[in-house]
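Okay everyone, let me pull this one up on the screen. I'll talk you through how the chains meet, and then say a bit about confidence.

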Amino acid sequence: MKHLCIGLAAGLTALFSPPAYAEETIAIFTKNLTNPYFQAVRVGTETAAKKFGVRVIQFVPTKPDSIPEQLSQVEDVIVKKPDAIVFIPVDYKALVPAVEKINAAKIPVTNITDRSAAGDFVAFVGADDYSIGLAVGRRLLNAMGGKGNVVILEGVKGSLTSNNRVRGFTDALKEFPNVKLLASQPGNFQRLNALQVMENLMQSFPQIDGVLAANDPMAVGAIEALEAANRKALVIGINGSREAVDLIKSGKLLASGDFNGFIQGCIGVEIAVRNLRKQPTPKEVMLKPIVVDKTNFAPYDTPVEQRACPTLEEVSTN
Amino acid sequence: MTNSPLFELRGISKEFPGVKALDNVSFEIKAGEVHMLVGENGAGKSTLMKVLCGAYRADQGAFFHNGAQVAIDGPADARKFGIAVIFQEFTLVPYLDIAQNIFLGREFKSRVSGLIDRRRIHAEAKRALDMIGLHIDPRTPVHKLGVAQQQMVEIAKALSQEARILVMDEPTAALSDRETDLLFAMIKRLKRKGVAIIYISHRLSEVLALGDRITVLRDGRKIASLLPAETSPDQLVMLMVGRPVDATYTRPSRPTPGEVVLEVKDLSGPGRFSDVNLTVCAGEIVGLCGLVGSGRTEVARAIFGADRVSAGEIRLNGKRIGASAEDSVRRGIALIPENRKAQGLAVARSVGDNIVLVGLRKLFPSGIFVPRRAMKAARAVIDKLRIATPSPRRPVATLSGGNQQKVVIGKWLNADAKFYIFDEPTRGIDVGAKAEIFRLLDGLVHNGAGILMISSEQIEIVRICDRAYVMRSGRIAGELKHHELTEANIVRLGIHQ
Amino acid sequence: MSTHALVQFKLARVPGVAFALITLCIVFALTSPGFATAINIANVLTQSTILLLLALPMTLIIMTEGLDLSIGAVLTFSSIVLAIVAISTGSAVLGLFAALAVGLCFGTLNGVLVARLDIPPFITTLGTLGIAQGLSLVVTDGQSVVGIPRSIETIYSGTVVGIPLPIILAALAYALTHALLYQTRFGTYVFALGGNREALRVAGISMRGMLIRVYAFGGLMAGFAALLMTARLNSAHPTAGIGMEFDAIAAIAVGGTSFERGNGWLFGTLLGVITVGVLRNGLNLLAVPSSAQVACVGALVIVALFIDGLRGEQ
Amino acid sequence: MSVLTSKVVVRNQLAFSGDIMQTFYRVLAVALLCLALTALSDAFLTANNILNVLRQAALLFLMASGLTLVILTAGLDLSIGANVALSGCLAASVIKLTGLPLLGVATGIACGTVIGLANGVLVTALRIPSFIATYGMMWMLTGITYYYMAGETIHGFPPGFRQLGSGHLLGIPVPVYFMMLFLAIGALFSQRTIWGQQIYAIGANPIAARLSGVPVERRLVLVYAVSGAMAGLASLIILARINSAQGDIGEDLTLPAIAAVLVGGTSLFGGSGTVGGTLIGALLLTLVLNGMNLLQINSSWQPLATGIIILLAVWIDSRTRRISE
């Protein structure tokens with residue numbers, strides 16, 4: 001078994017040749033390897049990296065959304081001292097110690113998507129979940145003619161994203177007194193959960209006219225459930241994923257709030273780079289809430305890999 | 001030897017759900033005497049001893065220590081009166097060392113409160129081991145020891161508890177002759193020290209040779225208590241079984257052996273045995289004897305294909321075999337293993353399930369299992385072997401040792417094997433069952449099967465077998481033809497000169 | 001024979017894990033400049049402390065042919081209680097005691113269910129896993145608990161003569177467990193619980209009592225680990241400990257403790273935990289994609305056990 | 001002896017009734033739960049909801065049924081969840097690339113089976129405890145899946161394929177038919193074939209089984225392969241239901257499946273248990289979730305409830321077993 005180990009050694013060495021830290025290196029932290037949204041973010045960062053001639057390294061917890069693991073990864077990365085970090089905390093409160101460690105190590109860090117509860121950041125880049133929820137919620141309720149019954153599919157309980165989006169939904173509902181909220185159940189941002197929750201809800205409520213899902217996968221789950229039961233309802237989701245766009249094209253999905261991971265990735269890196277190159281950077285970039293529907297889905301139809309990063313100016317000016 | 005009993009049990013009764021294990025049994029033991037306790041399996045011997053040592057609580061009955069009534073509510077009490085038991089299933093912990101095992105539950109406290117004083121434990125253990133003439137480092141983990149050594153450790157453990165009354169449950173079952181002699185010598189020494197010994201055994205020779213007094217139990221009742229001088233093996237057997245049984249089983253005339261069934265050439269198993277050559281013919285029973293650990297079982301397992309071999313070949317009716325147990329079974333070899341519970345039976349399953357297991361392919365060639373037919377097949381075997389069970393559905397665990405052994409043998413009757421290997425078929429089985437099992441062997445050879453039989457009891461080999469091979473430290477020390485097949489010869493070949 | 005035999009008997013189990021550890025260290029030292037630095041080594045060891053605190057009692061539990069799947073969830077719940085108490089009372093110490101109490105309760109509950117009701121450990125702890133996890137979610141409604149007095153943080157980030165405090169605590173915990181297992185009656189009986197329960201019964205020792213204590217010890221350590229976890233996150237989160245029980249079991253298996261006959265080896269567990277930590281740290285330093293990292297962890301487990309298997313056959 | 005035997009018969013009847021009681025208690029539990037839910041929510045006792053519960057139970061059962069065989073041999077398969085993810089994703093991409101649902105189905109089941117075989121080899125040839133082997137396998141599969149999917153989603157399958165999960169036949173969801181089919185197959189295989197008998201024997205005492213000529217290794221490999229194949233099948237039904245594949249579809253499917261088997265009364269020590277019991281276990285667990293949704297109980301309570309049910313089920317078993325002895 002000595003041979004076995006030596007073999008193992010050789011194998012490992014061959015596998016990972018040491019990364020050469022020639023150009024500026026930026027470490028990117030995302031929540032998990034499974035949600036397409038974060039893939040969009042990663043693609044965004046890589047596209048931007050090419051554009052600015054920097055090197056990005058992706059760090060993702062092997063257990064999806066694992067707090068201790070992301071913390072460990074931060075600690076490990078600090079040892080390597082990358083030039084900058086673009087950071088999405090797995091949990092906006094629990095990862096504060098990680099941010100403090102980064103600050104202590106004097107590595108400039110840009111926060112995107114989920115606003116960390118504390119810590120010094122070069123900037124925050126995000127889209128306001130609340131206003132997106134509000135906008136897309138309004139879109140649905142208008143389409144329903146301001147009356148009928150709706151259900152809300154929440155994300156992971158307690159996650160910042162879910163909370164704000166749902167808050168947006170409910171505030172939108174307040175503007176439409178004739179619309180009745182039947183139930184609000186968590187689908188944990190996952191298809192199968194959303195599907196089964198929806199199936200069960202349909203049992204207790206014979207008449208559901210609208211579904212507000214806190215992300216696209218759950219919207220998809222809801223749509224499948226409705227189809228399987230041959231029932232009709234207007235459904236909206238959030239993320240503006242390609243899957244959603246296809247469904248919008250085919251008319252199954254009414255609309256999806258554009259929470260653009262790709263752009264957030266781009267801008268996150270751009271700001272990090274500018275900061276490294278001593279160029280002026282805004283303290284905060286909030287992407288304008290856009291509701292993607294039949295009228296305007298064209299730009300979202302191209303796969304993220306083929307999109308080009310907008311410049312900081314573009315996003316801040318529009 | 002004083003005449004007043006050192007310890008006495010009066011009118012002990014103990015009931016388990018379903019069985020009255022002990023029914024008003026009285027029993028006494030004097031200092032310095034060896035009191036033999038005999039009876040069939042399930043007669044209540046072990047239960048009585050478990051009551052004596054406080055492992056069980058008697059439903060009724062009284063205990064007297066030096067004439068004064070005492071209570072035994074737990075092992076602690078029993079130990080107080082110097083009662084210690086050596087059970088058949090050893091009570092040793094494999095991954096603790098000898099010393100820790102000897103003092104399990106009686107660890108010496110070290111000056112630091114809460115900790116144990118290992119140095120002292122080891123020193124004391126050394127003394128205990130020396131006392132019985134066992135010279136092993138007490139720091140040796142027990143799982144490294146052989147069966148015999150483990151038993152010695154058990155005895156050392158008992159003596160280290162200042163045992164005045166030592167209970168031995170079939171101590172020789174797993175011992176070779178040399179080790180048995182060692183044990184007997186030790187027992188005699190202990191006698192002289194005034195230790196009282198209660199000795200449970202199925203080997204009547206021992207019982208008569210070693211015992212000062214003999215008590216017979218049957219079905220939980222005390223049948224008789226007598227002196228060796230005034231009894232005979234036959235009488236004892238009758239008392240135990242309750243009916244006259246031909247215990248000194250003599251073998252009927254055998255058909256003249258047919259052609260060779262099994263042929264083993266230069267078989268070697270790394271570190272276990274080497275250059276083993278032997279043949280077995282149709283219609284003959286061949287013994288394979290030698291000391292425990294001389295490689296008998298290993299050879300048997302190798303022939304059966306249960307273990308890999310490094311060299312040599314095994315032929316059944318000329319065809320090479322030994323690839324795997326599965327292959328051997330398909331070709332008609334049967335192995336009745338040494339350890340029933342661990343190797344022979346799916347204890348949790350029913351008698352029927354166990355019996356049909358081997359024959360499944362033959363009984364249901366289509367692969368479709370039909371419970372009704374399985375039950376029928378099982379019943380047939382149960383009747384044929386007179387297995388005492390009301391129904392094949394009964395969990396096999398609830399059968400007595402002898403009947404369990406019959407089940408293990410019965411498994412093979414559906415597989416119509418041509419060649420059988422019996423490894424210690426009579427270990428821990430009462431006289432009645434033994435005779436039946438021998439009759440069964442005869443039946444098999446009369447139908448032209450060949451049998452290789454391993455046994456530590458030379459007397460059995462001499463009585464049952466046509467020929468015998470004697471093994472010594474992994475090699476065949478010699479072959480004994482029928483006319484030279486005597487206990488003396490077996491011992492002479494088996495022991496190192 | 002003699003002590004020599006004992007040494008052999010212990011060495012016989014080293015290779016699986018030791019070779020893996022040595023190999024990994026060599027590989028990473030060669031391939032990643034940052035790896036063999038004092039800071040990083042301290043970093044790896046510190047990260048491993050929480051897992052070690054769970055793996056130590058788990059080793060004892062496994063030696064009794066048991067298992068504790070709830071230990072991760074219990075850690076989570078304890079840390080939540082710790083946080084809530086610490087916040088409401090403003091005293092970290094009270095919080096710690098609360099956490100230890102919670103851990104002890106769950107541990108004892110496991111023990112009682114296993115020992116008194118004879119429910120197989122796997123199922124028992126699968127059940128209590130659900131209960132602890134559920135309580136964590138119900139109490140926090142999925143939110144993380146923040147606002148703990150900063151003082152707690154120093155328990156994880158503080159150092160004594162340059163050595164990170166968690167490492168010292170973990171070292172103490174290891175010393176304690178080691179003494180418990182090899183120097184006390186309790187430890188001796190743990191070996192017996194897995195090796196031969198009849199031996200205990202004959203010796204007149206209540207094995208149920210012993211079993212309950214083993215599981216209680218597990219819960220207690222989970223409660224203690226909760227302190228480090230809370231200090232590390234400076235908050236408590238209902239998903240913080242999810243799946244740690246399996247990480248612990250894997251580390252123990254890598255460490256060469258077998259699941260039968262009380263054949264356990266505490267030092268192997270220590271090595272196992274460190275090996276897993278080193279693997280993850282090294283892969284991060286090499287910026288190996290997470291997907292590959294996941295696969296590597298699986299490979300490590302299987303390779304280590306395969307090597308032990310080879311040795312077993314020799 | 002006569003004394004013994006007579007007592008024995010009584011004992012035997014008791015032991016026999018013990019098994020009956022086990023099943024009885026479970027059916028009773030399901031019935032009570034149904035009654036309670038009917039009382040609490042008028043939506044519960046509707047044809048639709050019943051079918052809905054059955055359809056959700058079907059998924060759990062399909063995974064658990066294969067697992068039951070593994071546990072009957074005193075083994076465990078922690079990799080089924082990860083197996084579902086990988087098989088599902090491969091099948092999905094095959095369907096997308098070729099547009100041939102059948103090819104996709106073949107891929108899914110084949111992939112699942114191969115993974116199962118791999119587990120079997122680890123457990124038999126390399127003699128790694130199944131618990132650890134399949135745990136390692138789980139990590140490796142997850143890694144491969146993540147790498148393969150790279151966080152993307154594959155969605156939109158041909159309607160023909162969708163029928164597998166969301167279709168109806170005579171008003172009954174297709175997965176329910178699968179459940180029935182594999183309940184029958186599983187029961188027949190384990191009770192009415194010699195392979196089934198051998199599997200029970202292996203669970204009860206592997207050494208005795210080997211010495212009785214049972215090809216232990218081959219049977220073990222078989223059960224792991226079956227468990228893998230069932231995971232593959234389950235993955236297809238998930239795909240068909242949610243009309244998309246993502247790296248995380250297998251997440252948190254493993255422990256519920258194990259729970260279903262255990263709640264169904266199969267012993268982890270092997271040798272005792274039935275596939276039918278597993279069905280009841282699956283139903284029980286699904287009913288709880290369904291009820292919680294109908295009554296709109298915060299889903300945080302879900303793990304708590306599941307945990308308690310598991311403990312109750314097994315506790316009742318040990319009780320009945322003790323009574324019967």
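So, chains A and D: 30 residues of chain A are in contact with 30 residues of chain D, where contact means that the C-beta atoms of two residues, placed from the backbone, lie within 7 Å. Before I go on, this is a predicted model, where local features need pLDDT of at least 70 and side-chain atom pairs count only at pLDDT 80 or more, while totals for chains, interfaces and linings use all residues. Residues are numbered from 1 along each chain as its sequence is written, and chains are lettered from A and ligands numbered from 1 in the order in which they are written.

Back to chain A's side facing chain D. Which elements each supply at least two residues there? They are helices H2 (36-52), H7 (191-204), H8 (216-228) and H9 (242-249), plus strand S7 (179-186). Those are DSSP runs numbered from the N terminus: H or I of at least four residues for helices, E of at least two for strands. H7(A) gives the most, with 10 residues.

What about the other chains? Five pairs of chains touch, and chains C and D have the most contacts among them. Chains A and B share no contact; their closest C-alpha atoms are 20 Å apart.

Now confidence, meaning pLDDT, the predictor's confidence in each residue from 0 to 100. Chain C has a mean pLDDT of 86, with 93% of its residues at 70 or more. Over residues 1-9 of chain C, though, pLDDT stays under 50, and the model has 10 contacts beyond four places in sequence for that stretch.
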